[in-house]
Amino acid sequence: MLIYFLMLLIPLTMGLLQPLKPQKSYVGFWLYFLVLLVFCGFRFEVGADWTGYQNIYEAYFNRDFEDVLKISEPGFFLVNKFSDWLGFGYAGVIFVGSLIFLFGCFSYARKTLNPWLAVAAVMPYLIFIISLSGIRQACAIGVGFYLFARWERSAILEKVAVIALAVSFHNSAGVLLLFVIFGMKNSVFLRISLAGAVAVFLTYGLDQTDSFEKYKSVYVDENLISGGAFFHVLLIAFPSALYLLFRKRLAKAGLANTNVLLASILTLIAMPLLAVSSTGVDRLTLYFSFVQMWVYPALLSAGVTSRSVIRLSVAVLVMAIFFVYFLYGTHVSAYLPYKNILFD
């Protein structure tokens, strides 16, 4: 557990000590990205789904590149096939998955007022737990975060294309289309209609694919219960509530963000839906984790209360999340002991 704690301590310390004025250099930030890439990308037998994804790799082994059109998540299929073709095997899949996720995560963090604190905010759960286990969705989240980092500079067609790429890794990334729809300047009725069309497409249009049927069966029909789902969603719901509470103060400081606003509203709406599909809601709200990355640095910069209190509160919160999981988490044994192919 010590290695995880040390990896967390670096961005948390840097984030709490960073002055309020914008950084002039991001060299150290991107050097840490490389360190974290080695930590995540070269791990060995670490993660609750390690064996499951290894089985997927072996299942793809006997399939040809031409089969890409028969796969409902072709992006991940191609990563597996190219890794096999280049001779990197399953280790190559792990590395590429970590690279895609971390680059997207760091790209979005770079756009916040405190990139170090933004990374630290999502490290205990999103980085240490989700990205080290759910490789496909981690790739989709990474692509989504990269899009949010470039949101204002991207045309609608570019946004849709990037979301399509994210969907090619994990079908659930289709939820990102809501940000495109509600970001349009058309009438409210048209936007709501388009949102409904997306919901219908995700419900029925993808119904014939093997992965969608599996997700529907597991997350809705059988309502697979995720014991910690409420607390996982709460990690996003709490800063979402803070954003809505201090929205006017943040807007006056020039820190309003339409994507954060929509994600905050969607997260709070999703909380009651945990009773319908705890794991499904848990997985979907992961795409809204950027709320944590934006809100905590924004609250600190705007000084909505004593900055010392904010720093202390964020430090306590991040450390509490880390220690609760690594001391009491049900699946923590899948992450301990940590092993790395470069050092073992």
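**View 1. Helices α12 and α16 of the predicted model, packed against each other**. In this predicted model, helix α12, which covers residues 229-245, packs on helix α16, which covers residues 290-302, at an angle of about 45° and with the two axes 9 Å apart. Because angles that are neither roughly parallel, roughly antiparallel nor roughly perpendicular count as oblique, α12 is described as oblique to α16. The crossing of these two helices is left-handed. On the α12 side the contact is made by L235, I236, F238, P239, S240, L242 and Y243, while α16 contributes V291, Q292, W294, V295, Y296 and L299.

**View 2. Helices α4 and α5, a pair with a right-handed crossing**. Helix α4, made of residues 74-85, packs with helix α5, made of residues 89-110, at an angle of about 135°, and the axes of the pair lie 8 Å apart. The two helices are therefore oblique to each other, and α4 passes α5 in a right-handed crossing. From α4, the residues that make the contact are F76, V79, N80, S83 and D84, and they meet G89, G92, V93 and V96 of α5.

**View 3. The largest nonpolar core and the residues that touch the most of its members**. This core holds 103 residues, and within it Y4, L36, I127 and F128 touch the most other members. Helix α6, residues 115-130, gives the most to this core, supplying 14 residues. A second core, separate from this one, has 7 residues, among them A237, A270, M271 and V281.

**View 4. The surroundings of Y4**. When neighbours within four places in sequence are left aside, Y4 is in contact with F39, V46, F128, L132, F322, F326, Y335, L336 and Y338. One of these partners, F128, is listed together with Y4 among the residues that touch the most other members of the largest nonpolar core.

**View 5. The whole protein, as a setting for the close-ups**. The protein contains 17 helices and 0 strands, and buried residues account for 52% of its 344 residues. Among the contacts between residues at least 6 apart in sequence, 77% join residues that are at least 24 apart. The exposed area of the protein is about 16,200 Å², and carbon and sulfur atoms supply 69% of this area.

Terms used. Residues are numbered from 1 along each chain as its sequence is written. This is a predicted model: local features need pLDDT of at least 70, side-chain atom pairs count only at pLDDT 80 or more; totals for chains, interfaces and linings use all residues. Side-chain values use heavy atoms; hydrogens and water are left out. A nonpolar core is a set of buried Ala, Val, Leu, Ile, Met, Phe, Trp, Tyr and Cys residues joined through side-chain atoms within 4.5 Å. Buried means under 20% relative accessible area, exposed over 50%, partly exposed in between (1.4 Å probe, protein chains only). Helices (H or I, at least four residues) and strands (E, at least two) are DSSP runs, numbered from the N terminus. Contact means heavy atoms within 4.5 Å. Accessible areas come from the Shrake-Rupley method with a 1.4 Å probe; for residues, only the protein chains shown count as cover. Axes are lines fitted to C-alpha atoms, for helices over the stretch in contact, and angles run from 0 to 180 degrees between N-to-C directions. Angles under 35 degrees count as roughly parallel, over 145 as roughly antiparallel, 65 to 115 as roughly perpendicular and the rest as oblique. A crossing is left-handed if the near helix is turned anticlockwise from the far one by less than a right angle, and right-handed if clockwise.
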